[in-house]
Amino acid sequence: MQKHLLKHRQLTSEDVTGFVDRGPPADRAENNQAITVYSNKIVEPSTEGQLKYIETMLNNDITFCTGPAGTGKTYLAVAVAVSMLKKRQIRRIVLARPAVEAGEKLGFLPGDIAAKVNPYLRPLFDAIEDMMDFAQMRKFMELDIIEIIPLAFMRGRTLNEAAIICDEAQNTSGLQMLMVLTRLGHGSKMIITGDITQVDLAANQRSGMVEAMDILRRIDGIGLVELSQRDIVRHRLVQNIVEAYRLRQEAAAQAKKRETS
């Protein structure tokens, strides 16, 4: 319309009607899942995989998302949760992440529950800080609008009208994952993320996330998304690093197979 006006120096009613009928440009129509968070920031998917991820989260009550580092699994989950909070579609955001590295030592760390698990929830906090100012985030945490729940303390709770994010879920056991899934209450949405190629459990223990995806993949209302190297949006070297390690792991697996055959 602007180019037309500069060229012809006027707009008729027919011109305006024509521009309205054309609708938005095609490149904008391809990305119709922009997410508005606090401070009027817009979060948009950068790849087709991320677009599918956002659509799956919006259209399902439970979403499982797997993928390598840098694909936006955590960031986009937090963006959807914060957007829902801003629109008052939920009353709170619940963050959970297994502290596998800490093991039994978690109880000996100083501070309250939040202080103990804070290092393991740092990626979630980083994403939230990018979507609202620190003072607002701190206020929400004081009011339990943003709540930290270690997996061990979720038992017996029903989380209504909440967006629940379980990050690094590849490190949950089968019983832990079942316990997390059954916390879902009325009006809630649950997003479970993890990289199933980076499991820190004992060698003979199957990931609860992998098990749950196998069992639940055909249930309506549960969505599964698998992001890949094509969806990595960090520094260009991250994609190369992930690919190099993948090839190394494949070569090692093939060598081991030849030794045992």
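Reader: What makes L237, I241 and Y245 a nonpolar patch on the surface?

Author: A nonpolar patch joins side chains of Val, Leu, Ile, Met, Phe, Trp or Tyr within 5 Å, each residue having over 30% relative accessible area and no salt bridge (a side-chain nitrogen of Lys or Arg within 4 Å of a carboxyl oxygen of Asp or Glu). L237, I241 and Y245 form such a patch, with about 320 Å² of accessible area together (Shrake-Rupley method, 1.4 Å probe, only the protein chains shown as cover). The model is predicted: local features need pLDDT of at least 70, side-chain atom pairs count only at pLDDT 80 or more, and totals for chains, interfaces and linings use all residues. Residues are numbered from 1 along each chain as its sequence is written, and side-chain values use heavy atoms, leaving out hydrogens and water.

Reader: Why is Y245 called exposed?

Author: Exposed means over 50% relative accessible area, buried under 20%, and partly exposed in between. Y245 has 57% relative accessibility and therefore counts as exposed. Buried residues, by contrast, make up 42% of the 261 residues in the chain.

Reader: Where does Y245 lie?

Author: Y245 lies in helix α10, residues 236-260. Helices are DSSP runs of H or I with at least four residues, and strands are runs of E with at least two, numbered from the N terminus. The chain has ten helices and eight strands.

Reader: Which element supplies the largest share of the lining of the largest pocket?

Author: Helix α10 supplies that share, with five residues. Other contributors of at least two residues include α5 (73-86) and β7 (189-194).

Methods
Patches are made of residues with over 30% relative accessible area and no salt bridge: like charges are joined within 9 Å, nonpolar side chains (Val, Leu, Ile, Met, Phe, Trp, Tyr) within 5 Å. Buried means under 20% relative accessible area, exposed over 50%, partly exposed in between (1.4 Å probe, protein chains only).
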